[in-house]
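Reader: I am new to protein structures. Could you take me through the aromatic rings here, and then a few places around them?

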Amino acid sequence: MRVPDAQCPAWARPALESVLGRVAVTRAGVGDRFPLYADPFGRWTTTGRGSWTGGFWAGLQWLRARSTGDPADREAARLCTARLTGWTEKDTATRGLIFWYGTVLADGGALTVRERAARACRAAFDGELGLVPWGSAFGGPRLLARADGVPGLVPLLATVDPEAAVSHLRRHLDLCLGQRPRHWSWQHDQTAGWTAGEDPPPGWSRGPAWLLLAVAEAVRHVGFGELADVTAELMSGDLVPLADAARPDGPRDTSAAAVTATALLLLGHRSRAVAVLEELVRSHLTGDGRLLDGCYDLASATAVRHELIWGDFFLAYALALLTGLVEPA
């Protein structure tokens, strides 16, 4: 339902139109590949299968289809989602990111793909650990708990097993917020139990942003009684946080801010969400719809001041919620 103009910031709809216009330009440029990040000149680095970010590209195309009503846009979104099908059986908790955000705005056959992914994730749930492990799809230890393995997976699991969804969230919150400094990844060993990892680093701003989004999704899909305390603990004091709080001379991460804005809108914290979005639009969004100053990975100096596909998605999703193009899912 469209939000009346008097209740919607004047910059919101033009910003959304700009980001969704960028989708058409990107689609023409990348073809059947999946955009990952673009340099400040707009040149994309792409992947062939989508990696953990493929669902955000599909989600952006579904958002554009909602906006334009053009059957060609809808077909492009459908085909993009279909190309993600191979990830349903991959051993990775990022199936939440891929299949929830890749289908949350979709219809038709895409919902069948989401159901398959949800059941596969439920089959991977480890009852003793109380979560779906990070998995082996991207190499490294399988028995990890990571903050970026929680958003998307909570609502995805909730479609088939709400108790597993709550357990997955609670275990990650207990680990990630249970000590200082915070750690956003944990490895499990049968003898030593859970051991904190240093990658991502404790100051990683997407850690609390991802968990805040997962909490917001849990509130909507399974109910969550610890809302107030957890939300306050995960909120950033900056509208656009540093990529790593321990690096005050380093870049900021607009993607963390966009994720946070989406979570805040889902939680009903509209005024703070609007403040974050206004700063993103005013200071970091180009006229042709590129959200710059996202930081993919500061430690490896990979795409540290770039346009990130998930940054674009969450900015567009938050603006779509704010303007009433879509309802909260």
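Author: What follows starts with the rings and then turns to a helix, a buried residue and a hairpin.

This is a predicted model, where local features need pLDDT of at least 70, side-chain atom pairs count only at pLDDT 80 or more, and totals for chains, interfaces and linings use all residues. Residues are numbered from 1 along each chain as its sequence is written, and side-chain values use heavy atoms, with hydrogens and water left out.

A search of the whole structure gives 14 aromatic pairs. Rings of Phe, Tyr and Trp (its six-membered ring) pair if their centres lie within 6.5 Å; planes under 30 degrees apart are stacked, over 60 edge-to-face, and the rest tilted. Trp52 and Tyr296 make a tilted pair, with 6.4 Å between centres and 45° between planes. The two residues are 244 residues apart, so this pair links distant parts of the chain. Trp52 is in the loop between strand S2 (44-47) and helix H2 (54-68). Tyr296 is in the loop between helix H11 (270-283) and strand S6 (307-308). Helices (H or I, at least four residues) and strands (E, at least two) are DSSP runs, numbered from the N terminus.

Is each ring residue buried or exposed? Buried means under 20% relative accessible area, exposed over 50%, and partly exposed in between (1.4 Å probe, protein chains only). Trp52 is buried because its relative accessibility is 16%. Tyr296, at 22%, is partly exposed.

Both belong to one aromatic cluster, which also includes Tyr37, Phe56 and Trp210.

Two rings also have a charge over them. That term needs NZ of Lys or CZ of Arg within 6 Å of the ring centre and within 35 degrees of the ring normal. Arg83 has its charged end over Phe34, 5.6 Å from the ring centre. Arg146 lies over the face of Trp134, 4.6 Å from the ring centre.

Now the helix. H8 covers residues 206-221. In H8, 13 of the 16 residues are buried. Just after H8, Gly223 has a positive phi of about 75°.

Next, Thr254. This residue lies in helix H10 (residues 254-267). Thr254 counts as buried, because its relative accessibility is 1%. Beyond neighbours within four places in sequence, its contacts (heavy atoms within 4.5 Å) include Val240, Leu280 and His284.

Last, the hairpin. Strands pair if DSSP finds at least two bridges between them. Four bridges join S1 (residues 34-38) to S2, and the strands run antiparallel. Pro35 has Thr46 in S2 as its bridge partner. Five residues lie between the strands, and Gly42 in this hairpin takes a positive phi near 90°.

How values were computed: Expected span 1.5 Å × (residues − 1).
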